[in-house]
Amino acid sequence: MSAFKAPPKKNLGQHFLVDRRYIDMIVLAVDPKPGDRLVEIGPGQGAITLPLLRRHGELTVIEFDRDLITPLMESSEGVGRLTVIHKDVLQVDFSKLAADDGHETSRIRLVGNLPYNISSPILFHALDHAAAVQDMTFMLQKEVVDRMAAGPGSKVYGRLGVMLQAYCRVEALFDVPPGAFRPPPKVDSAVVRLMPLPADAIGIVDHALFARVVRDAFGQRRKTLRNALQQVCSGEDIAEAGLLPEARAEQVEVADFKRLANHLAALPP
Ligand code: SAM
C-alpha cells in the first residue's frame, strides 16, 4: 500500500502525475548524465523522483508539504541517495545550493512538475540564479508554455516570452492532457526546457532598463512603440536604434528589444 495517505492539497497545486508514459517522457527529456546535479522542485508523491533516482542514483528535492516528506524518504529507501529540502522553493538560494556541491560540475539541473499557482515566480526566481542553473525541464500550464515559446507575430507573444527568451533558449517539448494527473487539473499542460544563455550571449547592458522597455512596450500592446515607450524614450531614439517607431511590440524580435535597450543605456543622462 502507498505510504502517501494525505489527500491532495489544492492550495499547493497538488496534481500528481500518474500516467507512466508521460513520466517516462520527462525522464527521457532530462536524460541525466554522470556527475549531473539534479534538483527537483515539488516531488509530491515521487512520480518523477523515483524513476530519476533509479536512473541517476542521487537527487535533491525541494518540497513544501510536511505531510509528504516522511513518505518520500521511506519510498526512496534502497533506490538511491535522496536529499530532501523541506522549504518553500522561493526561499531556496539556488546559487548557494550549486556552490555547496562537492561534485565536479557545480551547476544544477532543475526539474519539476510545478505548482501552477506559483509557476511564474518560480521561473523568475530560477532566472535570478541563472549562472547556477544548467537547464530546467518543467511541466507548466500549456497556455504558459505557449506564451514562453512564442515569437513575433503570434497572438500570445508578449512580455513573458521576451523576458525568458532574452536570457534562455526556450524549447516547448510535448503536451500532457489533464487525464495524466490525479486529480486532473482544469487545463492542459506542457513540458518545456529552458537553457540559460552564457552571459556573453545575453548581451544586455542594463537589465533593469531592458525589463522596463519590454514592460512598457507590451503594457499597451495595440499602441505603437513611439506611444507605448513615451516615458522611456523618443521616437527618434527608437529609430536611431534601428527599429520602426510605428511598429507594435508584438512585431519586435527579442534581439531588437535588446538593441533598443542597449542604445538607450548608451545615451548621455
Ligand atoms: N512532482 C509531483 C508529480 O509530478 O506528481 C507533484 C507535482 S504537484 C503539481 C506540485 C508539487 O509542488 C506538490 O508536491 C506541492 O506540494 C509542491 N509545492 C507547492 N508549492 C511549493 C513551494 N512553494 N515550494 C516547494 N514545493 C511546493
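Here are some questions and answers about the sheet and the ligand shell in this predicted model.

Me: How are the residues numbered, and what pLDDT do local features need?
Reply: Residues count from 1 along each chain as its sequence is written. In this predicted model, side-chain atom pairs count only at pLDDT 80 or more, totals for chains, interfaces and linings use all residues, and local features need pLDDT of at least 70.

Me: In what order do the seven strands of the open sheet lie?
Reply: Strands (E) are DSSP runs of at least two residues and helices (H or I) of at least four, numbered from the N terminus. Two strands pair if DSSP finds at least two bridges between them. Pairing in this open sheet is mixed, and the order is E4-E3-E2-E5-E6-E9-E7.

Me: Which are the edge strands?
Reply: An edge strand here pairs on one side only. That holds for E4 and for E7 (168–176).

Me: In which sense do E3 and E4 pair, parallel or antiparallel?
Reply: Thr60 stands opposite Thr83 in E4, and Ile62 stands opposite Ile85 in E4. Over six bridges, E3 and E4 (residues 81–86) pair in a sense that is parallel.

Me: How many residues surround the ligand?
Reply: A residue is near the ligand if its C-beta atom, placed from the backbone, lies within 6 Å of it. Strands E1 (16–17) and E3 (58–63) each give two or more residues to this shell. The closest residues are Gly42, Gly44, Ala47, Phe64 and Asn113, and the number surrounding the ligand is 23.
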